[in-house]
Amino acid sequence: MVFSSLVFLCIFFPVIFCLHSIVPSIRVRNILLILASLFFYAFGEPVYVILMVISAFLNYLCAALMGKTNRKAVLIAAVVINIGILCAFKYTGFFITTINSVLHLNINVPQITLPIGISFFTFQALSYVIDVYRGQVEIQRKFSKVLLYISFFPQLIAGPIVKYRDIALEIDSRSVDLKETALGLRRFICGLAKKILIANTMAVAADHVFGQGFDSLNIIGAWIGAVAYTMQIYFDFSGYSDMAIGLGRMFGFHFKENFGHPYGSLTIKEFWRRWHISLSSWFKEYVYIPLGGNRRGKIRTGINKMIVFFLTGLWHGANWTFVVWGLFHGAFSFLEEFVPALKKLPRVILHVYTMLVVTVGFVIFRSDTLGFALGFIGKMFTGFEFSALSMSFVYQVMTPFFIVMLLAAMIGCAPIRRLTVKLRTVSEKAGKLTPKENIVQIILYTAAFALLLWCMIRLSGGSYNPFIYFRF
């Protein structure tokens with residue numbers, strides 16, 4: 001089941017939210033959310049829901065053993081178990097294929113179905129155990145609460161990666177009023193509109209371009225495809241994060257932000273402070289800092305960063321394109337570390353540089369093979385072929401609706417933080433609002449209602465288009 005489906009919007013969510021609202025006991029509410037979350041996951045993964053529950057129990061058990069035996073040994077066991085499960089399901093075929101290619105062997109490659117969201121709930125569970133080991137959170141004695149933390153359906157299959165310490169108090173005690181519900185619902189609708197109206201429109205163009213052979217592609221078509229996918233992945237994933245944050249808020253949970261206008265960044269380092277923040281902070285806290293962070297000189301800092309970028313790329317998928325994408329970003333981050341003069345360039349040049357790196361990087365990310373990625377990037381910079389075939393292909397992609405949504409995407413991803421913060425401050429302001437602020441609220445909620453209707457109309461006649469990060 002996905003958020004952007006009529007089944008979720010018209011049946012699952014309304015039923016669960018109404019039941020959660022009328023149940024007075026926090027204990028019963030938690031049980032309701034556990035059952036709902038298990039059903040939500042089983043709707044698409046009827047077998048692997050068992051794997052998710054087993055993973056949650058093993059991590060609960062490891063954390064519980066922290067107080068009874070050698071803490072470090074338990075931590076090592078937890079890391080081996082979690083990474084072992086992740087590797088078994090996600091990377092077995094990748095490792096065997098690589099070995100076959102390098103050693104010219106013919107080992108049979110098993111066809112293992114990748115459980116949806118395994119990378120997310122594995123990292124989430126592992127962070128709980130590590131935080132218990134570090135003494136940052138207390139051992140949770142009730143398995144049901146650990147299971148709710150790991151399986152909670154808003155963030156279960158595509159994040160953001162939530163740390164247990166951030167919502168521990170809300171598992172035990174939370175409340176939801178009309179204002180919180182309204183704000184959460186509006187945030188959810190904004191995310192839904194990002195996905196249905198912008199990301200799905202960009203997806204049609206990106207899939208069309210990346211699905212073509214190079215013979216019918218010129219520099220214009222290549223850049224259209226690259227820009228379309230760059231917009232698709234941002235609005236798809238940030239849209240999901242908005243929906244998760246909004247849903248969590250409607251149930252009394254407050255998740256941290258996962259995006260901060262990353263396409264307004266002036267460096268790759270800044271981009272990663274704003275892109276997929278929960279994953280970046282996870283690697284920083286549990287990998288980069290334990291490796292030594294930036295405390296051992298510039299060379300060691302650069303090496304640590306490259307390790308993190310390698311793992312970040314590998315986390316995204318079992319393909320060398322993801323690894324190269326991670327190292328590609330790592331190389332430019334490394335460059336920025338050792339060439340400080342780069343940061344003194346005019347802001348416009350820095351922004352163009354950053355978006356160029358990001359866009360080219362996403363071509364590598366989107367490609368099935370490195371060979372295709374190199375060929376596509378070559379067309380982006382040398383494809384000066386304006387034959388009737390290549391131009392007709394461009395005209396097919398550049399539909400009026402695509403152009404309108406592309407303009408909306410460019411405006412939506414602009415670094416308009418001051419306006420965003422101001423609107424959010426007005427929305428969450430306690431007490432009586434001024435007449436002007438009331439008008440702003442009326443406009444915002446009316447626009448949200450109109451967007452919801454538009455999205456539902458599009459869904460009723462559209463085709464299934466899953467979230468990009470479901471595959472991770």
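Visitor: Which residues does Ser37 touch, not counting residues up to four places away in sequence?

Guide: In this predicted model, Ser37 touches Ser151, Phe152, Phe153 and Leu156 once residues up to four places away in sequence are left out. Ser37 itself has its place in helix 2, which covers residues 26-44.

Visitor: Is Ser37 buried or exposed?

Guide: The reading rests on a cut-off: a residue counts as buried under 20% relative accessible area. Ser37 is buried, because its relative accessible area is 0%.

Visitor: Which residues touch the most other members of the largest nonpolar core?

Guide: That core has 140 residues, and those touching the most other members are Phe8, Phe153, Phe188, Tyr263, Trp275 and Tyr469. Helix 10, residues 219-250, supplies the largest share of this core, with 16 residues. Phe153 is also one of the residues that Ser37 touches.

Visitor: What is Phe188 in contact with, leaving aside its neighbours within four places in sequence?

Guide: Phe188 is in contact with Phe3, Phe8 and Leu9, and also with Asp242, Met243, Gly246, Leu247 and Met250.

Visitor: How is a pair of aromatic rings described, and how many aromatic pairs does the structure hold?

Guide: Such a pair is described by the distance of the centres and the angle of the planes. The structure holds 66 aromatic pairs. One of them joins Phe94 and Trp320: the ring centres are 5.3 Å apart and the planes stand at 55°, so the pair is tilted. This pair links distant parts of the chain, with Phe94 in helix 5 (residues 92-103) and Trp320 in helix 14, 226 residues apart.

Visitor: Which side of the cut-off for burial does each partner fall on, Phe94 and Trp320?

Guide: Phe94 counts as buried because its relative accessibility is 11%. Trp320, at 40% relative accessibility, counts as partly exposed.

Visitor: Why is the pair of Tyr263 and Phe271 called stacked?

Guide: Planes under 30 degrees apart count as stacked. The planes of Tyr263 and Phe271 lie at 5°, with the ring centres 6.5 Å apart, so the pair is stacked. Both Tyr263 and Phe271 are buried.

Visitor: What should a reader look for in the phi angles of His261 and His276?

Guide: Most residues other than glycine have a negative phi. His261, however, has a phi near 50°, a positive value, and the phi of His276 is also positive, near 45°. His261 lies in the loop between helix 10 and helix 11, whereas His276 has its place in the loop between helix 11 and helix 12. His261 counts as buried because its relative accessibility is 15%. His276 counts as buried as well, at 0% relative accessibility.

Visitor: How is empty space found, and what volume does the second largest pocket have?

Guide: Rolling a probe the size of a water molecule over the atoms shows where empty space is left. The second largest pocket has a volume of about 600 Å³. Its lining has 20 residues, of which Lys269, Arg273, Lys284, Tyr288 and Lys305 are the closest to the centre.

Visitor: Which elements give two or more residues to the lining of that pocket?

Guide: They are helix 11 (268-274), helix 12 (277-288), helix 13 (297-316) and helix 14 (320-338). Helix 12 gives the most to the lining, with six residues. By kind, the lining of the second largest pocket divides into seven nonpolar, seven polar and six charged residues.

How values were computed
Residues are numbered from 1 along each chain as its sequence is written. This is a predicted model: local features need pLDDT of at least 70, side-chain atom pairs count only at pLDDT 80 or more; totals for chains, interfaces and linings use all residues. Side-chain values use heavy atoms; hydrogens and water are left out. On a 1 Å grid over the protein atoms alone, a cavity is a set of points where a 1.4 Å probe fits but cannot get out, and a pocket is an open set with protein on both sides within 12 Å along at least five of seven lines; lining residues have an atom within 4 Å of a point. Grid points are joined across faces, edges and corners, and a volume is the space filled by probe spheres set on the points. Helices (H or I, at least four residues) and strands (E, at least two) are DSSP runs, numbered from the N terminus. Ala, Val, Leu, Ile, Met, Phe, Trp, Tyr, Cys and Pro count as nonpolar, Asp, Glu, Lys and Arg as charged, and the others, Gly among them, as polar. Buried means under 20% relative accessible area, exposed over 50%, partly exposed in between (1.4 Å probe, protein chains only). Contact means heavy atoms within 4.5 Å. A nonpolar core is a set of buried Ala, Val, Leu, Ile, Met, Phe, Trp, Tyr and Cys residues joined through side-chain atoms within 4.5 Å. Rings of Phe, Tyr and Trp (its six-membered ring) pair if their centres lie within 6.5 Å; planes under 30 degrees apart count as stacked, over 60 as edge-to-face and the rest as tilted.
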